Amino acid sequence: MLLNYFKLAIRLLLRNPFFTFINIFGLSLGFAAFIVLWQYTTNELSTDQFHDDFKNKARLAFSWTTRDNRGNASEAHIGPF
């Protein structure tokens, strides 16, 4: 069964090389994007886990709004939002 799939793939490659190239290029681009995003998310999720008792640590964040004399508001943020 697997041999039939390989034969079919080679036949389609020889019959339509342009569309086969588009399909293979799209598949490889998708895999590359997946690998880059996977590496980024595992890196972001593994931060601050080298501390002892990292599950009991907390992160503080502050957000405040100030108004000037004309009534225009400006916001300020400190920390992870």
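This passage walks through a helix, a strand hairpin and a few of their residues in a predicted model.

The hairpin makes a handy starting point. Strand β1 covers residues 62-67, and strand β2 covers residues 73-78. The two run antiparallel and are joined by six bridges. Five residues sit between the strands, and in this turn glycine 71 shows a positive phi of about 95 degrees.

Some of the pairing can be followed residue by residue. Tryptophan 64 in β1 has alanine 76 in β2 as its bridge partner. For threonine 65, the bridge partner in β2 is glutamate 75. In a regular strand, side chains alternate between the two faces of the sheet.

Tryptophan 64 deserves a bit more attention. Once its neighbours within four places in sequence are set aside, tryptophan 64 touches Ser74, Glu75, Ala76 and Ile78. One of these, Ala76, is also its bridge partner. How much of tryptophan 64 can be reached from outside? Its relative accessible area is 38%, and because that value falls between the 20% and 50% cut-offs, tryptophan 64 counts as partly exposed.

Serine 63 belongs to strand β1 as well. With a relative accessible area of 45%, serine 63 is partly exposed, so it too lands between the 20% and 50% limits.

Now for the helix. Helix α2 takes in residues 17-45, with phenylalanine 25 among them. This phenylalanine has a relative accessibility of 47% and is therefore partly exposed, since exposed would call for over 50%. Valine 36, also placed in helix α2, is exposed, with a relative accessible area of 55%; that label applies because the value is over 50%.

Phenylalanine 25 has company at the surface. Together with Phe18, Phe19, Phe21, Ile22 and Leu29, it makes up a nonpolar patch, and the accessible area of the group comes to about 680 Å². Two members of this patch, phenylalanine 18 and phenylalanine 19, are both exposed.

Aromatic rings pair up here too, with three such pairs in the structure. One of them joins phenylalanine 18 and phenylalanine 19, whose ring centres lie 5.7 Å apart. Their planes meet at 70 degrees, so the pair is edge-to-face, a label that needs over 60 degrees.

Finally, a few distances give a feel for how helix residues and hairpin residues are placed. Tryptophan 64 and alanine 33 are 31 residues apart along the chain, and their C-alpha atoms are separated by 37 Å. Between serine 63 and leucine 27, 36 residues apart in sequence, the C-alpha separation is 43 Å. Valine 36 and alanine 61 stand 25 residues apart along the chain, with 29 Å from C-alpha to C-alpha.

How values were computed. Residues are numbered from 1 along each chain as its sequence is written. This is a predicted model: local features need pLDDT of at least 70, side-chain atom pairs count only at pLDDT 80 or more; totals for chains, interfaces and linings use all residues. Side-chain values use heavy atoms; hydrogens and water are left out. Helices (H or I, at least four residues) and strands (E, at least two) are DSSP runs, numbered from the N terminus. Buried means under 20% relative accessible area, exposed over 50%, partly exposed in between (1.4 Å probe, protein chains only). Contact means heavy atoms within 4.5 Å. Rings of Phe, Tyr and Trp (its six-membered ring) pair if their centres lie within 6.5 Å; planes under 30 degrees apart count as stacked, over 60 as edge-to-face and the rest as tilted. Patches are made of residues with over 30% relative accessible area and no salt bridge: like charges are joined within 9 Å, nonpolar side chains (Val, Leu, Ile, Met, Phe, Trp, Tyr) within 5 Å. Accessible areas come from the Shrake-Rupley method with a 1.4 Å probe; for residues, only the protein chains shown count as cover. A salt bridge is a side-chain nitrogen of Lys or Arg within 4 Å of a carboxyl oxygen of Asp or Glu. Two strands pair if DSSP finds at least two bridges between them.
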